[in-house]
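Welcome! Take a moment to turn the structure around on your screen, and then we will walk through it together.

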Number of protein chains: 4
Amino acid sequence: MDYGRAFQAMRHAAGADWDRYARHAFVEGLRDGSLPRAAFLHYLRQDYVFLIHFSRAWALGIVKAGTLDEMQACSATVNALLQEEMALHVSLCGEAGIPEAELLATEERSENAAYTRFVMDCGFSGDFPRLLAALAPCVMGYGEIGARLAAEKTSEAYADWIATYGGDDYQGLCQSVGALLDAGLERRYGPDYQTLPVWDDLCATFAQATRLEVGFWQMGLTP
Amino acid sequence: MDYGRAFQAMRHAAGADWDRYARHAFVEGLRDGSLPRAAFLHYLRQDYVFLIHFSRAWALGIVKAGTLDEMQACSATVNALLQEEMALHVSLCGEAGIPEAELLATEERSENAAYTRFVMDCGFSGDFPRLLAALAPCVMGYGEIGARLAAEKTSEAYADWIATYGGDDYQGLCQSVGALLDAGLERRYGPDYQTLPVWDDLCATFAQATRLEVGFWQMGLTP
Amino acid sequence: MDYGRAFQAMRHAAGADWDRYARHAFVEGLRDGSLPRAAFLHYLRQDYVFLIHFSRAWALGIVKAGTLDEMQACSATVNALLQEEMALHVSLCGEAGIPEAELLATEERSENAAYTRFVMDCGFSGDFPRLLAALAPCVMGYGEIGARLAAEKTSEAYADWIATYGGDDYQGLCQSVGALLDAGLERRYGPDYQTLPVWDDLCATFAQATRLEVGFWQMGLTP
Amino acid sequence: MDYGRAFQAMRHAAGADWDRYARHAFVEGLRDGSLPRAAFLHYLRQDYVFLIHFSRAWALGIVKAGTLDEMQACSATVNALLQEEMALHVSLCGEAGIPEAELLATEERSENAAYTRFVMDCGFSGDFPRLLAALAPCVMGYGEIGARLAAEKTSEAYADWIATYGGDDYQGLCQSVGALLDAGLERRYGPDYQTLPVWDDLCATFAQATRLEVGFWQMGLTP
């Protein structure tokens, strides 16, 4: 998995927090099938609320973009999320026994709100790269987890979930977002952006977002 | 043309400002073909910059929407603007003799910035209906002008432009946006929203946006 | 304690969530002195980070205000927070043995970010009353807790904290914010605003903010 | 006048646009007293509306600041504007024969909205330095104009206006804002920020804001 230069460096800078997220007990439970079904269904319900705010964050990317390319990249993501992913999610939940009315009535958990509103505020207070730095742990983290679990899974219990995030479509999205981040940084800060103070701020944003993702998995374990 | 109940009432409340916009000399010049070609090309160049910020404003609508329906409606508009309209505009300008590089280098005129940034700030400071109230004079105004000119035009000089805005696709968009505004108001403020103080604020926003559109046409006359 | 009509109704609508917040174990520990000192110091450190984002939220109120009165009320609060409260907080922490450098280095806990970023996003996506509805549980909740603990405390261990929030200055602030909310609602939605659908949204915002405040107290118990 | 390194470089990069603003006919009319009184009163009325949105822009600075210092600097400016300058402006207008009720009823001119909403959107879409780059032409431009006119005026007709902006208080504010901009840039982008691509964007923002200020003066001449 190669999701670009900036992601690689931010992931490295996040240190142990990254593994706490990418190798969380929830993730390992998906891998070996030990995750209780109730926890997974609870996660799916919260993920529905998550996707709404995640779409809003990508829409904010359109607002803050500096070029038509950046706008189009964000718009394609928003559109895929709102016109396809949401419907897919509703359909998956339906198969899992959660009717749409129940999804709509989900009470958002604090750990869920914590991540998405942090992302929104990063986008609101910072520039385009800062928004992407806050989004990256989610986008690419799921890609990394999906790819690893596709190779390492010892159970078929959550094979559908793993196939989604480990599959070519999602891996391609991760590469696109990585390229968007790399190009966005170079376009604004030049090729040596990792030597600038703003880089440390971006890494801090990425790391805090990573810790908030740990909280999201943790929430998944406690329906 | 029926673009909904709220638009009809806001248009009426805007009084003479509406006619100054919808029957501006630039518009009449499109109708009878008397608009100088240089003015039209100048308008097309500025409109390219306009479409970028107009797309941003609709993206802000996704951010501020209150329901999935509202998000999807705004997202469909953003996507149509960024993935289709921009390409169409570039193509039309190319046919008219303006290469894309020249479009990209267009220096935004103040009258252009005035309208789009006013809309962005309405969206930023107000709620979803306020953003729509600031967008409505542009969306539906072009629809009304296009429909009238399709019926009243005395020259084929600008028949393509008139066919675009007077055509079924664009008229359908105006009806959708009108319905989005009506439903958005009722969903938040109930059926009697026109009796609330917030209605006067919305009408004031609509009227100010209308005056800024007058400025945009006026700019079109002075390349 | 009379913090106004809207607060009273929102507090009532929040149901049991309000008591979970206003009578949380952390609060009872302040009342009877049983709160471990380490938990209190941990809370003070997090509260430093909180105050920064709380100030940002009130600054957003200036941006979103509809009248000069509203702007001035928010500005007075921001100024008091940034020019006085922050210095007071640093001084109190210093007396408690936390040097300023340590405050600056505090790693923001997720439960802390969750509340403040939720408030920021409410302000960002909604209108002025929605921002106030998200801020109200914090402002008036501390007022209610301070006033009750001033009357019911059985220990002097946290008498300073109780005196701050139960004292006249803070109680006066709560009344001002309550009046700002009442007037802001009437100015926009008329006297019968509690019959409008937007009222339910505002109550939902208030209730979610209240639950996020429960999480903040809970965090205080787990340094 | 030394308003700092970044301002000096941005002013230089704005080229002839800067002189079109700082030596506009409106300004020369203040200098030699030839500005019609009606134009000045018209300008004062519009300036009242301007100050409201200018205060909002500085409040947005608090929201987007990266350090407590930056927050406090912006907050002090907002507070001075809302608690003092507005009252001073109302008083000056009263002396000039414009009652407060008339100020409140001023219809905002498009050239006025164009500048302030452009600033708001820069702050909204960009980072803290971008907001300051959009504010700088106004803040420091008035400082430069005031200082020059204090030295070069040939009439006492507008001596009060000149004394305000040429005086020590306002000159000190310009130096503070210049230092805030310099420090804000270095803190984020390092000492060589003028070699980065983002610098070109900041200069473009500054130049566009300067052109919008030209429009504001021009509006002043046409009551």
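M219(B) is a good place to start: this residue is buried, because 20 other C-beta atoms lie within 10 Å, and a residue counts as buried from 20 such atoms upward. M219(B) sits in helix α11 of chain B, which covers residues 197-221. Keep in mind that this is a predicted model.

Which residues does M219(B) touch, apart from those up to four places away in sequence? They are Q46(B), R109(B), E111(B) and N112(B). With E111(B), the separation in sequence is 108 residues, yet the C-alpha atoms are 6.5 Å apart in space.

Now step back to a whole chain. Chain A has eleven helices and zero strands. Its radius of gyration is 17 Å, close to the 17 Å that the globule rule gives for 223 residues, so chain A is as compact as a globular protein of that length. Of the contacts in chain A between residues at least 6 apart in sequence, 79% join residues at least 24 apart. Here are some values for chain A:

| Property of chain A | Value |
|---|---|
| Box filled by the C-alpha atoms, along the principal axes | roughly 50 × 35 × 30 Å |
| Share of the 223 residues that count as buried | 51% |
| C-alpha distance of A59(A), the residue that comes closest to the rotation axis | 2.7 Å |

Next, look at helix α1 of chain A, residues 5-13, where A6(A), F7(A), M10(A) and R11(A) are buried. Viewed down the axis of α1(A), these buried residues fall within an arc of 130 degrees, so they line one face of the helix. Their cover includes α2 (16-22), α8 (128-152), α10 (168-189) and α11 (197-221) of chain A. After α1(A) comes G15(A), with a positive phi near 60 degrees.

In soluble globular proteins, nonpolar side chains tend to be buried together. Here, the largest nonpolar core has 272 residues, and A136(A), A136(B), A136(C) and A136(D) touch the most other members. Beyond its neighbours within four places in sequence, A136(A) is in contact with F7(A), M10(A), L181(A) and F206(A). Two of these contacts, F7(A) and M10(A), are among the buried residues of α1(A).

Finally, how do chains A and B relate? A turn of 180 degrees and a shift of 0.0 Å along the axis lay chain A on chain B with an RMSD of 0.0 Å. That is the relation of a two-fold axis. In addition, 100% of the interface residues of chain A are also interface residues in chain B, so the copies meet through the same surface.

Key: Residues are numbered from 1 along each chain as its sequence is written. Chains are lettered from A and ligands numbered from 1 in the order in which they are written. This is a predicted model: local features need pLDDT of at least 70, side-chain atom pairs count only at pLDDT 80 or more; totals for chains, interfaces and linings use all residues. A residue is buried if 20 or more other C-beta atoms lie within 10 Å of its own, exposed if 12 or fewer, and partly exposed in between; C-beta atoms are placed from the backbone. Helices (H or I, at least four residues) and strands (E, at least two) are DSSP runs, numbered from the N terminus. The arc is that of the directions from the helix axis to the C-beta atoms. Two residues are in contact if their C-beta atoms, placed from the backbone, lie within 7 Å. A nonpolar core is a set of buried Ala, Val, Leu, Ile, Met, Phe, Trp, Tyr and Cys residues joined through C-beta atoms within 7 Å. Copies are superposed by least squares on the C-alpha atoms of residues with pLDDT of at least 70 in both. The radius of gyration is taken over C-alpha atoms; the globule rule is 2.2 Å times the number of residues to the power 0.38.
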